[in-house]
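Trainee: I would like to learn how to read a protein model feature by feature, beginning with the fold as a whole and ending with individual residues. Could we go through one together?

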Amino acid sequence: MSAQREMKEKNPWPTPVTIIIIVIGVIAIVALVTVAVLQNKPVPQKYKYGIVLDAGSSHTALYIYQWPAEKDNNTGRVEQTHSCKVKGKGISSYASEPWKAGESLKECMGEAEETVPKERAHETPLYLGATAGMRLLDIVNSSASKNVFQAVENALRNSPFSYQGARILSGQEEGAFGWVTVNYLDDRLKQGLKTTGALDLGGASTQISFISNDFDGSESPINSVNFRLYGNDYNLYTHSFLCYGKDQALKMVVANHTQSGATTVLDPCFHSGYNETKNYSVLYDSPCVSGRKPQEVPEKFDHIGKGNFQECQEVVKSVFNFTSCKYSRCSFNGVFQPLLQGPFGAFSAYYFVMNFLNLTDTSMPLETVKEKLSQYCATSWDKIKIQHPTVNVKYLAEYCFSGTYILTLLTEGYDFTAVTYSNIKFIKKIKGSDAGWTLGYMLNLTNMIPAEAPDSPPLPHAGYVSIVTIMTILLIGLLLLLALRIFWPRCSKKTQIV
Ligand SMILES: Nc1ccn([C@@H]2O[C@H](COP(=O)(O)OP(=O)(O)O)[C@@H](O)[C@H]2O)c(=O)n1
Ligand SMILES: [Ca+2]
């Protein structure tokens, strides 16, 4: 015992070598922990951008998407960072003065230039896709449609972005890309989860798209779209009904009322007290109704509201044809539709209308929804105007019709029942991005969704760094213990003597 005390008094400090080892060990640990922390700190993100113009029948909207620059190969999330509503009507309304279609886009294109960093502009793809308004214009006047595209192209080519072209989407593309958007934003594709069907209601056409076990594409190939996304195969059913958007459907319904060429039309889909003089020529100005035009019509008619939901439902039904079906089952107008399956997201005008009517809650029994709509339709036009002083009266007048049309389309047209109605969710946005075909369109054209699932490392980055750090600390600890035994052998010996 005394010898041990003697030794400690002689040399109370560890040897310099041990100190160096300990210092190096501590520095190594601090360095490792610092590296691990810094490595996992979010670095300021650099983004890439893509722009899509949705040239709809009623208006054009511009959407800007962004995704992490270093991850455009399929792992980074694409999200909407900005949107801009073009003032005025859709591009198809400029058939007689096409240059105005190009002009109309300039304000939103200016916003896009402010949103996308200058150094990214030249590599930012810019697309314009036109839907049913231009499909209809192309049917009645294809040279006018070409002129509108020419004007739009001139405006977009002069932008600093990488212009990739303007074209009319087929109804099938419109339906399929809407489905891709909804399922991409919900993260259902990457994870191979059960998908959500997509219901899109526009002004001039409407789309229904869903996966059904009942459907392999063979019964009606024109309604079938095949995808391989993230290693999963999808056989999607999709159909677009031209003329069954809510604005054209309204024209068809009113046209059915006015077959006799009457000067007064009593309309159950408009509120009592509503009375507007309208032109027959405007009513019959689209190919959706031109075939119904009576031989002899006066110039104008008085459109008078009656405010009766039940009767409105009956006249709305008159635009759906259920008489012939050459397939095992049909929705309407002889169009094949497999058994409805799964949850559905209903967006665009489905959402705008049901949201205005306070009817987006689909857990409410369908009968209650109908009662509420019936009460709304029965409210006088004067009262409606007082209740909604800020809403444009042209749109305000149409909500009773639009609500009735939506319920009729869903239940009679597509065959949703009181039970399956609750599978529908009326949505505007998913995680900050608008539901609609534009995102799916861009993801497809930029090959941003791979056919095969990307290989992912077995551990996430943070987990990898933590494990390496812990293992290194353990190793250093072991080395230190080893060093203690080598450089202080006497210590251990003394302990043995004691
Ligand atoms: N805030 C809004 C915006 C659009 N809408 C309606 O939503 C529909 C959008 O259709 P769209 O312009 O995309 O037409 P399509 O080309 O898709 O048929 C139109 O009927 C608009 O009137 C609405 O009800 N409320
Ligand atoms: Ca649309």
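Mentor: Let us begin with the contacts, keeping in mind throughout that this is a predicted model. Among contacts in the chain with a separation of 6 or more, 74% are made by residues 24 or more positions apart.

Trainee: Which helices and strands, by number, does the chain contain?

Mentor: The chain holds 19 helices and 16 strands. When we come to individual residues, we shall place each of them in one of these elements or in a loop.

Trainee: How should I read the radius of gyration of the chain against that of a compact globule?

Mentor: The idea is to set the value beside what a globule of equal length would give: for 498 residues a compact globule would have a radius of gyration near 23 Å, whereas the chain has 33 Å. The extents of the C-alpha trace can be read alongside, since along the principal axes the trace spans about 125 × 50 × 50 Å.

Trainee: What share of the residues is buried, and what supplies the exposed area?

Mentor: Buried residues account for 46% of the 498 residues in the chain. The chain exposes about 25,200 Å², and carbon and sulfur atoms supply 55% of that area.

Trainee: How far apart are the mean positions of the positive and negative charges?

Mentor: The chain carries 46 positive and 44 negative charges, and their mean positions are 10 Å apart.

Trainee: Where does UniProt place the active site, and how do I read the surroundings of that residue?

Mentor: An annotation is best read together with the element, the burial and the contacts of the residue concerned. UniProt, in an unreviewed entry, places the feature "active site" at E174, and that annotation may be inferred rather than shown by experiment. E174 is found in helix α8, which covers residues 171–185. Because its relative accessibility is 5%, and buried means under 20%, E174 counts as buried. Leaving aside neighbours within four places in sequence, E174 is in contact with T131, R135, L169, D200, S205, Q207, S240 and W437.

Trainee: Which residues does UniProt list for the binding site?

Mentor: The unreviewed UniProt entry lists G203, A204, S205, T206 and Q207 under "binding site". Two of these names, S205 and Q207, are also found among the contacts of E174. T206 lies in strand β7, residues 205–210, and is buried, because its relative accessible area is 0%. Beyond residues up to four places away in sequence, T206 touches D200, L201, H239, S240, F241, Y244, G245, Y350, L409 and Y414.

Trainee: Is Y184, in helix α8, buried or exposed, and which residue is it paired with across the chain?

Mentor: Y184 has a relative accessibility of 8%, so this residue counts as buried. The C-alpha atoms of Y184 and L443 are separated by 9.4 Å, although their positions lie 259 residues apart along the chain.

Trainee: What does Y65 touch?

Mentor: Y65, in strand β2 (residues 60–68), is buried, because its relative accessible area is 0%. Apart from neighbours within four places in sequence, Y65 is in contact with K48, Y49, G50, V52, V78, E79, Q80, T81, T438, L439 and M442. A C-alpha distance is a separate reading: Y65 and V180, 115 residues apart along the chain, are separated by 15 Å.

Trainee: What of the loops: which residues there have a positive phi without being glycine?

Mentor: Two cases deserve a look. D187 has a positive phi of about 65° although it is not a glycine; its place is in the loop between α8 and β6, and because its relative accessibility is 23%, D187 counts as partly exposed. N358, likewise not a glycine, has a phi near 60°; N358 is found in the loop between α12 and α13 and is exposed, because its relative accessible area is 64%.

Trainee: Where is P221, and how far is it from I386?

Mentor: P221 is found in the loop between β7 and β8 and, with 57% relative accessibility, counts as exposed. P221 and I386 are 165 residues apart in sequence and 51 Å apart in space, C-alpha to C-alpha.

Terms used. Residues numbered from 1 in each chain as written. Chains lettered and ligands numbered in written order. Predicted model: local features only at pLDDT ≥ 70, side-chain atom pairs only at ≥ 80, totals over all residues. Heavy atoms only, no water. Helix = DSSP H or I, 4+ residues; strand = E, 2+ residues; numbered from the N terminus. Rg over C-alpha atoms; globule rule 2.2 N^0.38 Å. Buried < 20%, exposed > 50% of the residue type's maximum accessible area, 1.4 Å probe, protein only. Contact = heavy atoms within 4.5 Å. Areas by Shrake-Rupley, 256 points an atom, 1.4 Å probe, with all protein chains shown as cover. Lys, Arg positive; Asp, Glu negative; His and termini not counted. Charge placed at Lys NZ, Arg CZ, Asp CG, Glu CD.
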